[in-house]
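Thank you all for coming; I would like to take you through one structure this morning, beginning with a pocket and ending with the aromatic rings. Please have a look at it before I go on.

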Amino acid sequence: LIFLFMMSPVFCNAQLSRDQVITNAESFVTFSWTAGSCNLWNGTRCSNAKIFSAPWVKVGVNESMPYCWGGWSSITQFNTAMAGCKSAGQVCSAAGGGCSGFPSAPLSCAGGMDCSGMVTRAWGLTTKYSTTTLVNISTPVSLSSVQPGDILNIASSHVRLVYTNNGS
């Protein structure tokens, strides 16, 4: 049984505006960066993990932060990881994808972010939250009340940041 929660952030410190949350998220979607051949890992072992870079990454200029299971790299951390020949993302996940039996990549092996890493950065948090722990810092709202910056969360599975509510 899967429960979908629509949630609005509750911040203890200075609250970000919804526009700032969206701006934060967009910065990871629109940023350009350069990959070298050393950033394209294909089953390389690192810290007992089997690392596979995001398949869309190419040598040269790329746009958008690549997926990295367990990751929540800032743009600066990601650029440092790429300069250090770390993997551009890590597409192995709990679902497997050729990586069954291997743990997620530590940030010492790869740069990028997963879905909850994106929410963590968009919400301006200083500690990474997972799909399981985001419920501890948010308040459920009805789907009809969802606004930009809110999340749609399935604990232990996936979370999405709401950009707009088109009513459907």
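Before the first number, a word on terms: a pocket here is an open set of grid points, on a 1 Å grid, with protein on both sides within 12 Å along at least five of seven lines, and its volume is the space filled by probe spheres set on the points. Please also bear in mind throughout that this is a predicted model.

With that in place, the second largest pocket has a volume of about 240 Å³. Its lining consists of 13 residues, and those nearest the centre are Ala25, Val29, Met118, Arg160 and Leu161. Two or more lining residues come from each of α1, α3 and β10, the last of these being residues 158-161. By character, the lining of this second largest pocket divides into 10 nonpolar, 1 polar and 2 charged residues.

Let me turn to the nonpolar cores. The largest of them has 24 residues, and within it Trp33, Trp123 and Leu134 are the residues with the most contacts. At least two residues of this core are supplied by each of α1, β2, α2 and α3, and α3, with 4 residues, gives the most. There is also a second, separate core of 5 residues, among them Cys46, Ala49, Ile51 and Cys109.

Trp33 deserves a closer look. Setting aside neighbours within four places in sequence, its contacts include Trp56, Val57, Pro66, Phe78, Met82 and Ala88. Is Trp33 buried or exposed? Its relative accessibility is 3%, and because buried means under 20%, Trp33 counts as buried.

That brings me to the aromatic rings, where the count comes to 2 pairs. In one of them, Phe31 and Phe78 meet edge-to-face, with 5.7 Å from centre to centre and 90° between the planes. This pair links distant parts of the chain, since Phe31 sits in the loop between α1 and β2 while Phe78 belongs to helix α2, 47 residues apart. Both partners are buried, Phe31 with a relative accessible area of 9% and Phe78 with one of 0%.

Trp33 and Phe78 also pair: their ring centres are 4.8 Å apart and their planes stand at 85°, so this pair, too, is edge-to-face. Because Trp33 lies in strand β2 and Phe78 in helix α2, the pair ties together parts that are 45 residues apart in sequence. Taken together, Phe31, Trp33 and Phe78 make up one aromatic cluster.

How values were computed:
Residues are numbered from 1 along each chain as its sequence is written. This is a predicted model: local features need pLDDT of at least 70, side-chain atom pairs count only at pLDDT 80 or more; totals for chains, interfaces and linings use all residues. Side-chain values use heavy atoms; hydrogens and water are left out. Rings of Phe, Tyr and Trp (its six-membered ring) pair if their centres lie within 6.5 Å; planes under 30 degrees apart count as stacked, over 60 as edge-to-face and the rest as tilted. Buried means under 20% relative accessible area, exposed over 50%, partly exposed in between (1.4 Å probe, protein chains only). A nonpolar core is a set of buried Ala, Val, Leu, Ile, Met, Phe, Trp, Tyr and Cys residues joined through side-chain atoms within 4.5 Å. Contact means heavy atoms within 4.5 Å. On a 1 Å grid over the protein atoms alone, a cavity is a set of points where a 1.4 Å probe fits but cannot get out, and a pocket is an open set with protein on both sides within 12 Å along at least five of seven lines; lining residues have an atom within 4 Å of a point. Ala, Val, Leu, Ile, Met, Phe, Trp, Tyr, Cys and Pro count as nonpolar, Asp, Glu, Lys and Arg as charged, and the others, Gly among them, as polar.
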